[in-house]
Amino acid sequence: MKQQFSFSFSLVLLFLHCSQTLSQPPTAAPAKAPAAATAPPLAATSAQASPPVMVPVQVSKGPVNVIKILQKAGHFAILTRLIKSTQEDIQLFSQLNDSRDGVTIFAPTDGAFSAIIKSGVLNSLTDHQKIELVQFHIIPRVLSTANFQTVSNPITTLAGSGSRFTLDVITTESMVNVTTGLTNTSVSAIVYTDSQLAIYQVDKVLLPLDIFAPKPLAPAPAPPKPKKDDGEESPMIPEDTSGSVTCMVHNTLFMFGVGIVAAAIPL
């Protein structure tokens with residue numbers, strides 16, 4: 001009896017399992033694996049390529065913009081206008097771009113220019129003199145503060161050299177002094193410096209002797225020679241005939257005396 005019950009219970013369990021299996025939906029087919037990404041070119045994904053190396057970016061070797069540096073620094077508006085109006089910005093660009101020597105600029109502040117503006121000296125300069133004035137503040141080579149200690153005076157500027165364009169730099173332990181023969185000032189700040197350009201602030205305009213020194217007076221011209229008037233007759237100068245008259249008198253007396261003597265002699 002027990003065996004029969006067990007067998008019947010097993011059949012029931014088997015029936016229930018089969019019913020659940022048949023009632024389930026068919027198992028979905030496994031999704032296809034995504035297509036492999038297209039491999040990049042071999043040169044870019046070579047198994048033998050070394051890991052990337054950080055390469056330092058080289059700073060551009062082109063010239064810096066002097067005008068923008070001065071504008072960014074501020075209080076150099078008058079110098080900036082002079083550089084642009086005299087077209088010395090083109091000269092600076094050429095010097096920085098085509099030469100390895102670089103440029104040094106002594107930059108007077110707006111306060112430094114105020115003195116020669118109020119006196120009317122700046123406006124009285126000719127265009128050529130304004131060019132020379134700007135060039136006198138530019139040295140066609142870069143000078144660091146250490147170079148000032150060994151530089152040979154007088155320093156040649158773009159304006160030239162010689163006694164009329166004298167520019168001397170004298171250094172001490174605490175300052176750099178700049179003198180022109182008319183101006184004596186010192187470097188009060190470093191505006192900008194790199195391997196090609198150095199800009200130093202000065203609180204006075206550097207006045208070259210060639211422009212601002214009193215010129216020696218020219219010698220007075222010789223008085224003009226009197227001109228002869230060909231149409232006017234020369235005044236008649238009386239001829240001195242006193243000697244001839246005296247001679248004639250002496251001759252007459254002599255002849256008269258001879259006649260008397262001849263008459264007195266008896267024949």
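The legends below describe close-up views of a predicted model of one protein chain.

**View 1. Overview of the protein chain.** The secondary structure of the predicted chain comes to 10 helices and 6 strands. Of its 267 residues, 25% count as buried. Among contacts between residues at least 6 apart in sequence, 62% join residues at least 24 apart. The structure holds 1 salt bridge, shown in View 5.

**View 2. Helices H3 and H4 and the loop between them.** H3 spans residues 66-73 and H4 spans residues 77-85; their axes come within 10 Å and cross at roughly 165°. Because angles over 145 degrees count as roughly antiparallel, H3 is described as roughly antiparallel to H4. The crossing of the two helices is left-handed. On the H3 side, the contact is made by Ile-67, Leu-70 and Gln-71, and on the H4 side by Leu-79, Thr-80, Ile-83 and Lys-84. By class, these are 4 nonpolar, 2 polar and 1 charged residues. An α-helix has 3.6 residues a turn, so residues three or four places apart point the same way. His-75 lies in the loop between H3 and H4. The phi of His-75 is positive, about 50°, although the residue is not a glycine. With a relative accessibility of 43%, His-75 counts as partly exposed.

**View 3. Helices H4 and H6, and the loop that follows H4.** The axes of H4 and H6 (residues 110-118) come within 7 Å and cross at roughly 70°. Since angles of 65 to 115 degrees count as roughly perpendicular, H4 is roughly perpendicular to H6. From H4, the residues Ala-77, Ile-78, Leu-79 and Leu-82 meet Asp-110, Phe-113 and Ile-117 of H6. The contact of H4 with H6 has 6 nonpolar, no polar and 1 charged residues. Leu-79 is listed in the contact of H4 with H3 and also in the contact of H4 with H6. Gln-87 is placed in the loop between H4 and H5. A positive phi near 60° is found at Gln-87, a residue other than glycine. Most residues other than glycine have a negative phi, and most peptide bonds are trans. Gln-87 counts as exposed, at 52% relative accessibility.

**View 4. Buried residues of helix H8 and the contacts of Ala-159.** H8 covers residues 127-135, and its buried residues are Glu-132, Leu-133, Val-134 and Gln-135. Among the elements that cover them are H4, H5 (88-98), H7 (121-124), strand E2 (138-139) and H9 (209-212). Ala-159, in the loop between E2 and E3, has a relative accessible area of 16% and is therefore buried. Leaving aside neighbours within four places in sequence, Ala-159 is in contact with Glu-132, Gln-135, Phe-136 and Phe-165. Two of these partners, Glu-132 and Gln-135, are listed among the buried residues of H8. The C-alpha atoms of Ala-159 and Ile-131 are 8.2 Å apart in space, with their positions 28 residues apart in sequence numbering.

**View 5. The salt bridge of Asp-210 and Arg-164.** Asp-210 forms a salt bridge with Arg-164, the closest N and O atoms being 3.8 Å apart. The pair links distant parts of the chain, 46 residues apart: Asp-210 belongs to helix H9, whereas Arg-164 is in the loop between E2 and strand E3 (168-171). Side chains of opposite charge can pair when their charged atoms come close. Both partners are partly exposed: Asp-210 has a relative accessible area of 23%, and Arg-164 is at 30%.

**View 6. The cis peptide bond from Asn-153 to Pro-154.** The peptide bond from Asn-153 to Pro-154 is cis, with omega near -5°. Asn-153 is in the loop between E2 and E3, as is Pro-154. With a relative accessible area of 37%, Asn-153 is partly exposed. Beyond its neighbours within four places in sequence, Asn-153 is in contact with Leu-167, Asp-168 and Val-169. Asn-153 and Ile-170 are 17 residues apart in sequence, and their C-alpha atoms are 8.6 Å apart in space.

Technical notes
Residues are numbered from 1 along each chain as its sequence is written. This is a predicted model: local features need pLDDT of at least 70, side-chain atom pairs count only at pLDDT 80 or more; totals for chains, interfaces and linings use all residues. Side-chain values use heavy atoms; hydrogens and water are left out. Axes are lines fitted to C-alpha atoms, for helices over the stretch in contact, and angles run from 0 to 180 degrees between N-to-C directions. Helices (H or I, at least four residues) and strands (E, at least two) are DSSP runs, numbered from the N terminus. Angles under 35 degrees count as roughly parallel, over 145 as roughly antiparallel, 65 to 115 as roughly perpendicular and the rest as oblique. A crossing is left-handed if the near helix is turned anticlockwise from the far one by less than a right angle, and right-handed if clockwise. Contact means heavy atoms within 4.5 Å. Ala, Val, Leu, Ile, Met, Phe, Trp, Tyr, Cys and Pro count as nonpolar, Asp, Glu, Lys and Arg as charged, and the others, Gly among them, as polar. Buried means under 20% relative accessible area, exposed over 50%, partly exposed in between (1.4 Å probe, protein chains only). A salt bridge is a side-chain nitrogen of Lys or Arg within 4 Å of a carboxyl oxygen of Asp or Glu.
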